[in-house]
Amino acid sequence: MTDAGGHARPIRAAGALLWRDGPDGPEFAVAHRPRYDDWSFPKGKLDRGEHVLRAAVREIEEETGLVPRLGRRLPTAKYRHGDRPKQVEYWAARPVAEAAFMPNEEVDELAWLPAREARARLSYRHDADLLRAFLHGPSRTWPLMIVRHGAAGDKHAWREPDELRPLDARGRAEAAALAALLHAYGPARILSSATARCLETVLPYARRTRAEVVTDAAFTVGETGPDRARDRLLELLADGVPTVVCTHGENVAELVAGLCRELGEKAPDDPSLRKGEFWVASIGEGALASLERHTSR
């Protein structure tokens with residue numbers, strides 16, 4: 001397959017450096033693939049139309065039998081696969097619970113190894129580089145997720161109080177998709193603007209994780225401004241608790257920029273979000289370990 005310029009489109013894949021606590025430090029899951037007779041980290045190609053987060057979780061589950069909880073984003077690996085470029089997006093991840101490995105068609109052996117043994121076992125340099133990148137950052141992180149509510153029709157055509165304006169059909173589809181994507185990072189407390197469109201955006205995620213949605217005036221448009229929303233976010237940062245915040249486009253840019261300033265990092269050139277998009281800030285050891293933006297599709 002080629003793009004408009006006649007260049008081969010990269011094969012897109014996703015995976016994770018899966019780790020757990022061992023008696024002498026972290027241990028890493030290294031998979032043996034009989035098709036290639038190699039040792040690598042769990043990964044696989046995206047299905048057509050599949051979101052990269054869903055692909056990462058699915059591939060880990062299929063290859064290892066373990067349900068992962070994604071942590072910080074790791075460097076993307078780029079290399080040639082035959083005559084086409086390949087791009088693999090990676091996260092650090094931990095298994096939600098331990099389970100006995102069952103060999104399958106893709107992976108016939110899974111070894112949990114300390115860093116030095118894992119590096120020696122890996123077949124490819126890009127995997128060794130990935131392990132090195134993990135070891136140079138915080139192992140444990142927690143997610144702070146900033147969500148802009150989904151599509152909610154034309155506000156100029158809405159004749160009732162604005163706080164009652166609901167999601168439209170597109171927004172409801174975005175909310176349903178967000179539930180699975182946010183869940184890739186595990187359960188979190190949920191704070192939301194008190195408007196119907198924000199509450200409806202996080203409701204599917206709340207039901208999936210059996211969490212309570214708490215409304216917060218600081219994130220509600222018309223109640224306070226972006227500065228108060230930013231200050232409230234920084235209060236949450238000090239708690240160190242995995243958190244989802246659903247708010248409005250008017251607040252998002254200052255929330256992200258303020259978070260970056262607080263943690264001594266450069267803000268993205270465009271910190272805003274479109275409706276139904278979200279930022280994930282992975283926080284570890286008081287620092288911003290990674291910052292990633294995702295759509296709901």
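Trainee: How many residues does helix 7 have, and what span is expected for helix 7 at 1.5 Å a residue?

Mentor: In this predicted model, helix 7 covers residues 249-262. From its first C-alpha to its last, helix 7 reaches 21 Å. That is close to the expected value; helix 7 has 14 residues, and the expected span is 20 Å.

Trainee: Which residue follows helix 7, and what is the sign of its phi?

Mentor: Helix 7 is made of residues 249-262. The residue named as following helix 7 is G264, and its phi lies near 70°. The sign of the phi of G264 is positive.

Trainee: Which elements do the buried residues of helix 7 pack against?

Mentor: The buried residues of helix 7 include V252, L255, V256 and L259. An α-helix has 3.6 residues a turn, so residues three or four places apart point the same way. The packing partners of the buried residues of helix 7 are strand 8 (142-148), helix 6 (226-239), strand 11 (243-247), strand 12 (278-284) and strand 13 (287-294).

Trainee: In what order do the strands of the open sheet of 6 strands stand?

Mentor: The pairing in this sheet is mixed. Strand 10 (213-215) and strand 13 each have a single partner strand, so they stand at the edges, and one side of each has no neighbour in the sheet. On average, neighbouring strands here are turned by 20° against each other, direction ignored. The order is 10-9-11-8-12-13.

Trainee: What angle does the direction of helix 7 make with that of strand 8?

Mentor: Helix 7 packs on the sheet and touches strand 8, strand 11, strand 12 and strand 13. The angle between the direction of helix 7 and that of strand 8 is about 155°.

Trainee: Which residue in strand 12 is the bridge partner of I146?

Mentor: Strand 8 and strand 12 run antiparallel and are joined by 6 bridges. The partner of I146 in strand 12 is W279.

Trainee: Is E174 buried or exposed?

Mentor: E174 lies in helix 4. Leaving aside neighbours within four places in sequence, E174 is in contact with G150, A151, K275, G276, S296 and R297. The relative accessible area of E174 is 3%, and buried means under 20%, so E174 is buried.

Trainee: What is the C-alpha to C-alpha distance between A173 and G276?

Mentor: A173 is placed in helix 4 (residues 169-183). With a relative accessible area of 35%, A173 is partly exposed. A173 and G276 are 103 residues apart in sequence, and their C-alpha to C-alpha distance is 9.4 Å.

Trainee: Which residues does the UniProt feature "domain: Nudix hydrolase" cover?

Mentor: The feature comes from an unreviewed UniProt entry. Over residues 9-135 the chain is 24% helix and 46% strand, with the end C-alpha atoms 31 Å apart. UniProt places the feature at residues 9-135.

Trainee: In which sense do strand 1 and strand 6 pair?

Mentor: Strand 1 is residues 11-22 and strand 6 is residues 84-95, and 8 bridges hold the pairing. Within it, A14 has E89 as its bridge partner in strand 6. The sense of the pairing is parallel.

Trainee: Which residue in strand 4 is the bridge partner of G15?

Mentor: Strand 1 and strand 4 (residues 43-45) run antiparallel, with 3 bridges between them. The partner of G15 in strand 4 is K43.

Trainee: How many residues lie between strand 1 and strand 2 in their hairpin?

Mentor: Strand 2 (residues 25-33) pairs with strand 1 in the antiparallel sense over 4 bridges. In this pairing, R20 stands opposite E27 in strand 2. The number of residues between strand 1 and strand 2 in the hairpin is 2.

Trainee: Why is the pair of W19 and F134 called tilted?

Mentor: A search of the whole structure finds 2 aromatic pairs. The ring centres of W19 and F134 are 5.7 Å apart. W19 lies in strand 1 and F134 in helix 3 (residues 125-135), so the pair ties together parts 115 residues apart in sequence. Planes under 30 degrees apart count as stacked and over 60 as edge-to-face, so this pair is tilted at 50°.

Trainee: Which residues form the one aromatic cluster?

Mentor: F28 and F134 form an edge-to-face pair, 5.4 Å centre to centre with 85° between the planes. This pair links strand 2 and helix 3, 106 residues apart. Both F28 and F134 are buried. The cluster consists of W19, F28 and F134.

Technical notes
Residues are numbered from 1 along each chain as its sequence is written. This is a predicted model: local features need pLDDT of at least 70, side-chain atom pairs count only at pLDDT 80 or more; totals for chains, interfaces and linings use all residues. Side-chain values use heavy atoms; hydrogens and water are left out. Two strands pair if DSSP finds at least two bridges between them. UniProt positions are given in the numbering used here, feature names are shortened, and annotations may be inferred rather than shown by experiment. The expected span of a helix is 1.5 Å times one less than its number of residues. Buried means under 20% relative accessible area, exposed over 50%, partly exposed in between (1.4 Å probe, protein chains only). Contact means heavy atoms within 4.5 Å. Axes are lines fitted to C-alpha atoms, for helices over the stretch in contact, and angles run from 0 to 180 degrees between N-to-C directions. Rings of Phe, Tyr and Trp (its six-membered ring) pair if their centres lie within 6.5 Å; planes under 30 degrees apart count as stacked, over 60 as edge-to-face and the rest as tilted.
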